[in-house]
Amino acid sequence: MSALSFSSLRRVGWISLPLAIGLAIVLFWLAVTFLAPFMSSYDPVDMVGRRLQAPSWDHWLGTDALGRDVLSRTLHGARHSLPIAVIVVALSVAIGALLGAISGFIGGLGGAAIMRLVDVTLSFPPMLLAMAVAASLGPGLENAAIAMVIVWWPIYARLMRAQVLEVREREHVEAAIAAGASKPRVLLKHILPLCWTPVLISATMDLGQVILLAASLSFIGLGAAPPTPEWGSMISDGASQFYSWWVALGPGLAILTIVLGFNFVGDGLHDYFDPKSR
């Protein structure tokens, strides 16, 4: 295949192939999130068939150990996993970007204290820290979300601080300071607008990672409580039914596709905003 034809497959207009694929996957799961009650044939918590029934025309992904339709539970699982991921990433970006910007622009003892807190938090493995916080707060999606915010905000604090340190040395910032602009105005008007692109790309990719971490917490009993149809808890149920492979198939494919989708979108945004990578 020639370079020209490969390029045409790689990019259609301004949108790259990974971005197009990622957007298609993400938009599909967003549609499922809003339309799950209309797309599923059964209530996700009701017993609608024989227990551990293999896939059939009546139950495309079979039933679980309690006779609940696996496909319906998988579709409804998106209504828990995606909103939690968006909330966790949004709060992490808000907290981390604010503290990172303050640390990078103002500096001093306060900025150093913020970064030492970031260093301490990042010194723990993310999964172990999230497990410890979730276990201390108790099972539940809300507590799992709090644990994940505590794990994720330092990442954005360090990223934003690095961007602010780089941008604040540019000539237009020095000119604004020389003209007498206040520090808050310089930060908000001249620095932060140039710092958001790496944060946006990182946040997009982290949406998939947060879904994976939330499923991991539910898998070990620190996330959604039964009978909530959550992907991690569904995989945990399937792990105890080794020969009934279909119990974990639906949520496993759901997690796989949504994580790949967000990673493709993040990769595509990186290609779009960074001409050097094209």
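User: A pocket is an open set of 1 Å grid points over the protein atoms alone, with protein on both sides within 12 Å along at least five of seven lines; lining residues have an atom within 4 Å of a point. What volume does the second largest pocket have?

Analyst: This is a predicted model; local features need pLDDT of at least 70, side-chain atom pairs 80 or more, while totals for chains, interfaces and linings use all residues. Residues are numbered from 1 along each chain as written, and side-chain values use heavy atoms, without hydrogens or water. Volume is the space filled by probe spheres set on the points, joined across faces, edges and corners. For the second largest pocket it is about 150 Å³.

User: Which helix gives the most to the lining of the second largest pocket?

Analyst: The lining has 13 residues, and Ser233 and Asp237 are among those nearest the centre. Helices (DSSP runs of H or I, at least four residues) are numbered from the N terminus. α9 (196-219) and α10 (231-239) each supply at least two lining residues. The top contributor, with three residues, is α10.

User: Which helix gives the most to the lining of the largest pocket?

Analyst: The largest pocket holds about 180 Å³ of space. Its lining includes Phe28, Trp29, Gly250, Leu253, Ala254 and Thr257. α2, α3 (70-105) and α11 each give two or more residues. With four residues, the leader is α11.

User: Does leucine 253 count as buried, partly exposed or exposed?

Analyst: Leucine 253 lies in helix α11 and helps line the largest pocket. Buried means under 20% relative accessible area and exposed over 50%, using a 1.4 Å probe and protein chains only. Leucine 253 has 44% relative accessibility, so it counts as partly exposed.

Terms used: On a 1 Å grid over the protein atoms alone, a cavity is a set of points where a 1.4 Å probe fits but cannot get out, and a pocket is an open set with protein on both sides within 12 Å along at least five of seven lines; lining residues have an atom within 4 Å of a point.
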